[in-house]
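This note is addressed to a colleague who is meeting the structure for the first time. Please read the points below with the model open alongside.

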Amino acid sequence: MIFKRMLGALGVGGPSVDTVLATPRVRPGGPLRGEVRIKGGDFDTDIQYVALGLVTRVEAEYGEGEHVGLMEFLRAEVSGSFRLRAGEDRVIPFELPVPWEAPVTEIHGQHLHGMAMGVRTELAVAGAVDKGDMDPVEIEPLPSQEAVLRAFTQLGFQFKSADLEQGHIYGADQRLPFYQEIEFYPPPAYSGLVNEVELTFVSGPGGMDVVLEADRRGGLHGSGDDSYGRWRVGHDEALHRDWAAEINGWLAALSQHGHGAAHGYGGHHDPYAHGGAHGYAGHGYGGHHDPYAHGGHHDPYAHGGHHDHHGHRSGPGLGAVAAAGAAGLVGGFVAAEIVDEIGDAFEGDDDSDFGGGDWGDD
């Protein structure tokens with residue numbers, strides 16, 4: 001995709017850039033490969049650097065409102081300084097490691113409504129930095145994540161939408177400054193119990209946290225509240241676990257035990273409050289004692305942000321996100337006034353969005 005704004009930033013007759021992705025669909029932890037093709041302009045140009053950034057749309061709550069902006073959560077310089085001759089064609093190959101926590105944007109070839117992800121190329125010339133248009137990229141789920149998503153389809157859940165929330169999940173080894181929520185409408189059997197269920201993955205090389213949040217319906221004597229379930233499993237273990245039974249059991253526990261839920265499925269108890277005595281050693285990934293094996297029953301979002309009256313969570317606010325960075329990753333949050341760039345970069349996105357929860361059908 002050739003920079004639309006190149007002339008404005010680098011002058012008439014300056015170089016143009018086209019980034020071509022060899023892997024427009026990748027999985028978390030996998031390599032994103034491609035090449036940056038630079039075409040020299042009418043005169044020799046000193047290029048200071050060429051950088052690539054993985055950019056997505058993130059929601060942040062601060063003050064009295066919710067704001068949406070672009071966040072660059074992976075950045076790498078693929079070339080240092082060089083002189084580009086007039087009319088010269090130069091190709092810069094690249095391979096970037098996609099973070100394990102990268103959010104899912106596509107399932108079974110269908111785009112997740114609400115998600116936007118792209119690779120943005122940045123070219124610096126004589127003090128002028130041009131951030132070009134974004135090339136869309138899709139993140140497919142890991143096989144372990146697919147196993148959980150398949151269970152939602154088996155149980156009759158209907159996909160609603162997905163988004164990214166700024167903040168951190170308490171107790172998870174989370175490196176990125178945001179987490180994904182994949183929202184489902186419940187099956188008829190539980191439509192009277194919960195309004196919706198939100199699914200979050202926090203993945204790493206050895207395994208993942210599977211976090212569920214149920215937005216519970218209010219009864220005759222009060223408004224609803226949120227209940228949580230949590231599992232920590234290795235990727236191989238996740239492939240063999242009966243997730244439909246796990247999720248169904250968690251929902252049944254909410255129905256039978258009310259706000260407290262059942263041991264091992266949900267509720268608000270913090271297993272770290274007394275030294276993490278809950279759980280079963282050896283069932284987590286990494287070979288360490290795992291307080292979340294087979295569930296755990298506490299609020300995984302406690303201390304990870306604040307709730308508003310809709311139950312959404314957020315972290316310390318836009319200012320903190322602007323300076324955020326974890327494990328060497330850039331977490332810069334771009335001002336909301338340029339959010340229109342997303343629409344330009346992902347033109348036609350609505351045509352490929354999910355609808356009606358049919359993504360689980362083969």
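The numbered points that follow concern a predicted model and take up its strands, salt bridges, cavities and some single residues.

1. Strand 10. A useful place to begin is strand 10, which spans residues 117-125. Of its 9 residues, 9 are buried. In a regular strand the side chains alternate between the two faces of the sheet. Here one side carries Met-117, Val-119, Thr-121, Leu-123 and Val-125, the other carries Gly-118, Arg-120, Glu-122 and Ala-124, and both faces are covered. Arg-120 and Glu-122 are thus among the buried residues of this strand, where "buried" denotes under 20% relative accessible area.

2. Partners of strand 10. Strand 4 (residues 45-62) runs antiparallel to strand 10, and 9 bridges join the two. Within this pairing, Val-50 has Leu-123 of strand 10 as its bridge partner. Strand 10 also pairs with strand 11 (residues 128-136), again in the antiparallel sense, over 7 bridges. In that pairing Val-125 faces Ala-128 of strand 11.

3. The hairpin turn. Strand 10 and strand 11 form a hairpin with 2 residues between the strands. Ala-126 in this hairpin takes a positive phi near 50°. Most residues other than glycine have a negative phi. The backbone at Ala-126 therefore merits a look, given that general preference.

4. A second positive phi. His-108 is not a glycine, yet its phi is positive, at about 55°. Where does His-108 lie? The residue sits in the loop between strand 8 (106-107) and strand 9 (110-111). Its relative accessibility is 45%, so His-108 is classed as partly exposed.

5. An open sheet of 3 strands. Strands 1, 3 and 7 make up an open sheet in the order 1-3-7, with antiparallel pairing. Strand 1 (16-21) and strand 7 (89-97) are its edge strands, each pairing on one side only. From one strand to the next, the twist averages 20°. Between strand 3 (residues 31-39) and strand 7 there are 9 bridges, in the antiparallel sense. As an example, Ile-38 is matched with Arg-90 in strand 7.

6. A salt bridge within strand 3. How many salt bridges does the structure hold? The count is 17. One of them joins the side chains of Glu-35 and Arg-37, with an N to O distance of 2.7 Å. Glu-35 has a relative accessibility of 23% and so counts as partly exposed. Arg-37 falls into the partly exposed class too, because its relative accessible area is 38%.

7. A salt bridge between strands. Asp-209 and Arg-232 meet through their side chains in a salt bridge of 2.9 Å, N to O. Asp-209 belongs to strand 16 (residues 207-216) and Arg-232 to strand 17 (residues 226-234), so this pair ties together parts that are 23 residues apart in sequence. Are these two partners buried or exposed? Both Asp-209 and Arg-232 are buried.

8. A salt-bridge network. Glu-72, Arg-75 and Glu-122 are joined into one network by salt bridges that share partners. For the pair of Arg-75 and Glu-72, the closest N and O atoms are 3.7 Å apart. Arg-75 is partly exposed because its relative accessibility is 30%, whereas Glu-72 is buried, at 10% relative accessible area. Glu-122, the remaining member of the network, is one of the buried residues of strand 10.

9. Leu-212. Strand 16 also contains Leu-212. With a relative accessibility of 1%, Leu-212 counts as buried. Its C-alpha atom is separated by 5.0 Å from that of Gly-229, although the two residues are 17 residues apart along the chain.

10. Internal cavities. Rolling a probe the size of a water molecule over the atoms shows where empty space is left. For the whole structure, a search finds 2 cavities of 30 Å³ or more. The largest cavity holds about 100 Å³ of space. It is lined by 13 residues, of which Glu-101, Ala-102, Pro-103, Gln-180 and Phe-201 are the closest to its centre. Strand 14 (178-185) and strand 15 (194-203) each supply at least two residues of this lining. What is the character of the lining? Its residues comprise 8 nonpolar, 4 polar and 1 charged.

Technical notes: Residues numbered from 1 in each chain as written. Predicted model: local features only at pLDDT ≥ 70, side-chain atom pairs only at ≥ 80, totals over all residues. Heavy atoms only, no water. 1 Å grid on protein atoms, 1.4 Å probe; cavity = no way out; pocket = protein on both sides within 12 Å on 5 of 7 lines; lining within 4 Å. Points joined across faces, edges and corners; volume = space filled by probe spheres on them. Helix = DSSP H or I, 4+ residues; strand = E, 2+ residues; numbered from the N terminus. Nonpolar A, V, L, I, M, F, W, Y, C, P; charged D, E, K, R; others polar. Salt bridge = Lys/Arg side-chain N within 4 Å of Asp/Glu carboxyl O. Buried < 20%, exposed > 50% of the residue type's maximum accessible area, 1.4 Å probe, protein only. Pairing = 2+ DSSP bridges. Axes fitted to C-alpha atoms, helices over the stretch in contact; angles between N-to-C directions.
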